[in-house]
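Biologist: Mind walking me through this model? I'd like to go over the charged pairs and the helix packing.

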Amino acid sequence: MIDKIFGQVLKKLRMEKGLSQEEFAANVGLHRTYISQLERGLKSPSLGVMAKISSGLGITLVQLMTELEQKQN
């Protein structure tokens, strides 16, 4: 369940930045298919990947986790 929610949060934040999966993946040094799998809740990101993602979104890791926590409730 948490993987699906993380994916929803990631997609929302990425789209708010106006970035495609391909653009975002290139910006953070990950593969587009991996971003797709994260957004669909098929993969669980490591802490290192979450740090890359938050940096690529221009937010802190704490802000990313806050978004995730708010979506859970």
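Modeller: Sure, just keep in mind that this is a predicted model. Fire away.

Biologist: How many salt bridges are there?

Modeller: I take a pair when a Lys or Arg side-chain nitrogen sits within 4 Å of an Asp or Glu carboxyl oxygen. Go by that rule and the count is three.

Biologist: Which residue does Lys12 meet in a salt bridge while both lie in helix H1?

Modeller: Helix H1 covers residues 2-16, and the two partners sit four residues apart there, about one turn of the helix. Their N to O distance is 3.2 Å. Lys12 counts as partly exposed because its relative accessibility is 38%. The partner counts as exposed at 54%, and that's Glu16.

Biologist: And which residue of helix H5 pairs with Lys12?

Modeller: This salt bridge has an N to O distance of 3.4 Å. The pair links distant parts of the chain, with Lys12 in helix H1 and a partner 55 residues apart from it in helix H5 (residues 61-72). That partner is partly exposed, with a relative accessible area of 25%: Glu67.

Biologist: Are Glu39 and Arg14 buried or exposed?

Modeller: Their closest N and O atoms are 2.6 Å apart, which makes a salt bridge under the 4 Å cut-off. Glu39 lies in helix H3 (residues 32-39) and Arg14 in helix H1, so the pair ties together parts that are 25 residues apart in sequence. To count as buried, a residue has to be under 20% relative accessible area. Glu39 and Arg14 are both buried.

Biologist: Which residues do shared partners join into one network?

Modeller: Lys12 meets Glu16 in one salt bridge, and Glu67 meets Lys12 in another. Sharing a partner joins them into one network of Lys12, Glu16 and Glu67.

Biologist: On to packing: is H4 roughly parallel or roughly perpendicular to H5?

Modeller: Helix H4 spans residues 47-57, and its axis runs 8 Å from that of H5, at an angle of about 100°. Angles of 65 to 115 degrees count as roughly perpendicular. Therefore H4 is roughly perpendicular to H5.

Biologist: How many charged residues does that contact of H4 with H5 have?

Modeller: H4 brings Leu47, Met50, Ala51, Ile53 and Ser54, while H5 brings Leu61, Leu64 and Met65. Sorted by class, that's seven nonpolar, one polar and no charged residues.

Biologist: Last one: what is the distance between the end C-alpha atoms of residues 10-64?

Modeller: UniProt, in an unreviewed entry, places the feature "domain: HTH cro/C1-type" at residues 10-64. That stretch is 69% helix and 0% strand, and its end C-alpha atoms are apart by 9 Å.

Technical notes: Residues numbered from 1 in each chain as written. Predicted model: local features only at pLDDT ≥ 70, side-chain atom pairs only at ≥ 80, totals over all residues. Heavy atoms only, no water. UniProt positions renumbered as here; feature names shortened; annotations may be inferred. Helix = DSSP H or I, 4+ residues; strand = E, 2+ residues; numbered from the N terminus. Buried < 20%, exposed > 50% of the residue type's maximum accessible area, 1.4 Å probe, protein only. Axes fitted to C-alpha atoms, helices over the stretch in contact; angles between N-to-C directions. Parallel < 35°, antiparallel > 145°, perpendicular 65-115°, else oblique. Contact = heavy atoms within 4.5 Å. Nonpolar A, V, L, I, M, F, W, Y, C, P; charged D, E, K, R; others polar.
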